[in-house]
Amino acid sequence: MSLPTILVADDDRSIRTVLSQALGRGGYQVRATGQAATLWQWVEEGEGDLVITDVVMPDENGLDLIPRIRRIRPDLRVVVMSAQSTLMTAVKATQRGAFEYLPKPFDLKEVLAVVARALATPAVPVQAAPAPPPEEQMSLIGRSVVMQDIYRIIARLTTSDLTVMINGESGTGKELVARALHEYGRRRSGPFVAINMAAIPRNLIESELFGHERGAFTGATSRVAGRFEQAAGGTLFLDEIGDMPPEAQTRLLRVLQDGEFTTVGGTLPIRANVRIIAATHRDLRQAIRAGTFREDLYYRLNVVPMRLPPLRERVEDIPLLARHFLNENADGAGPVRVLDDEAMARLQAHRWPGNVRELENLMRRITALHPQESIGADIIAAELAEASSLAPQGEGTGTQPETLAGAVERHLRRFLASGQEGMPMSDIYDKVIAEVERPLISMTLAATRGNQIRAAAMLGLNRNTLRKKIRDLDIPVVRGGA
């Protein structure tokens, strides 16, 4: 039995070499080229069992090849790789029929896993989705590993109407993700209707969602369409779903089960022709245990769970985001502000309790209040301190989480003080390092879902060093998960 043949197209010789060697060791035959035309010739001649192609090549865009390949060889899988690590690249690759999208730089183990999965997965027809909007209209920004995972999930969901549950802290961009799912999906031509459960009085939520008939209650002088009717043919975004009162939860569950609803005071059923996207910053499992959220509704909504990372988990995106917000807020009357290296480092050291929204507001203030072109760390520090002092306690940036240095200093002071009370003091350095090292490695592994290669990269450790520390510290590693 002959070995599967992988066709590789990339104009970077070093990438072709690395992929050819890795795939060869993985038990595959490889043919590699730097030209899209050569790849197309091989495909026309019936060569190959799988294609791995770059997007930007000297003679043609790799994304444009995918539909042509699918037309003449629908069973041939195409894996796209790109250094243009944006949501638009992932969406275009998926909607044109790519099996998978891999952002550069990629993990060779992940490449081999994708190849094995692609060769083992039966071909299915690609459902066409409407053309996405121009890339300059995109509002999701970031090239971190965690954002690449978000982009891939969004891209895969553009050809379905599955219900999505987005979980994330305030300011992480939950509505932006919901809008992206709508704008790049099959219901793009329909309306996008958002309703925030936390902003509506409890006694009005059912009327807001389902509408009401004239005379249904005091003050109902005419029939009013609810958000389900307004969103017909499109997407209904239920923000802060964790704040929905129990009686409204019961009605929403009935709509999700039956696919129809009645207005408040009405008797005729109306078909619910909407895609539901819900979002919350709350832990709904905890709310279920507390009896404030229905478990059956949770499972109806949580068909595709998405977790948006806080900004502190994607600090490598902060320079990109900061420059974007500075350019966006430039009024043309003065120079576009530029952050020097120390200012950028100060931004990346901040905890960002308000997440991306806090960063955006900071860049707006800097543009409005500071005329100089170059912004230093002193301005950043002063603005962050000012925002902290003005914000109400417990809101936004008002309650600044304790810094790591502050927490360590506080615990060390307590630890050293205990030594003066008769506790034995020896090997303090090793004990303190172990106390910090274990939770740091454990939480990093949790953030990467047990992927030790990504965890090592995040920690700045050699993979073998990380494996040794995991063994020495007896840290459990759970792979995969939600």
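Which residue follows α2, and what is the sign of its phi? I come back to this in point 4, after a look at the overall picture.

1. A word on the model first: this is a predicted structure. The protein holds 20 helices and 14 strands. Of its 482 residues, 44% are buried. The accessible surface amounts to about 24700 Å², and carbon and sulfur atoms account for 51% of that area. Contacts reach well along the chain: taking those between residues at least 6 apart in sequence, 70% link residues at least 24 apart.

2. One sheet to look at is an open one of five strands, ordered β2-β1-β3-β4-β5, and its pairing is parallel. Its edges are formed by β2 and β5 (100-103), each of which pairs on one side only. From one strand to the next, the twist averages 20°. Inside this sheet, β1 and β3 run parallel and are joined by four bridges. If you would like a landmark there, A9 sits opposite T53 in β3. Helix α3 packs on this sheet, where it touches β3 and β4 (77-82), and its direction makes about 175° with that of β4.

3. Helix α2 (residues 36-44) deserves a moment of your time. Its buried residues are A36, L39, W40, W42 and V43. These residues lie on the same side of α2, because the arc they cover around the axis is only 160°. Their cover includes the strands β1 (5-9), β2 (29-33) and β3 (50-54), along with helix α3 (62-72).

4. Now to the opening question. The residue that follows α2 is G46, and its phi is positive, near 85°. That is the spot to visit if you are checking the backbone after this helix.

5. There is also an open sheet of five strands in the order β7-β8-β11-β6-β12, again with parallel pairing. The edge positions belong to β7 (192-196) and β12 (304-307); each has a single partner strand, so one side of each has no neighbour in the sheet. On average, neighbouring strands here are turned by 20° against each other, with direction ignored. Five bridges pair β7 with β8 (residues 235-239) in the parallel sense, and V193 stands opposite L236 in β8.

6. Helix α6 goes with the sheet of point 5. The helix lies across β6 (164-167), β11 (275-280) and β12, and runs at about 150° to β12.

7. Which residues touch the most other members of the largest nonpolar core? They are V80 and I154, in a core of 45 residues. Helix α6 (residues 145-157) supplies the largest share of this core, with six residues. Leaving aside residues up to four places away in sequence, I154 touches L87, L140, V177, A180, L181, Y184 and M306.

8. A second core, separate from the one above, has 30 residues, among them V193, A231, I241 and L284. You have met V193 already, as the residue opposite L236 in β8. As background to both cores, nonpolar side chains in soluble globular proteins tend to be buried together.

9. For a quick tour in the viewer, I would begin with the buried side of α2, with L39 and W40 among its residues. From there, move to I154 and its contacts, including L140 and M306. The second core, with A231 and L284 among its members, makes a good last stop.

Definitions and conventions. Residues are numbered from 1 along each chain as its sequence is written. This is a predicted model: local features need pLDDT of at least 70, side-chain atom pairs count only at pLDDT 80 or more; totals for chains, interfaces and linings use all residues. Side-chain values use heavy atoms; hydrogens and water are left out. A nonpolar core is a set of buried Ala, Val, Leu, Ile, Met, Phe, Trp, Tyr and Cys residues joined through side-chain atoms within 4.5 Å. Buried means under 20% relative accessible area, exposed over 50%, partly exposed in between (1.4 Å probe, protein chains only). Helices (H or I, at least four residues) and strands (E, at least two) are DSSP runs, numbered from the N terminus. Contact means heavy atoms within 4.5 Å. The arc is that of the directions from the helix axis to the C-beta atoms. Two strands pair if DSSP finds at least two bridges between them. Axes are lines fitted to C-alpha atoms, for helices over the stretch in contact, and angles run from 0 to 180 degrees between N-to-C directions. Accessible areas come from the Shrake-Rupley method with a 1.4 Å probe; for residues, only the protein chains shown count as cover.
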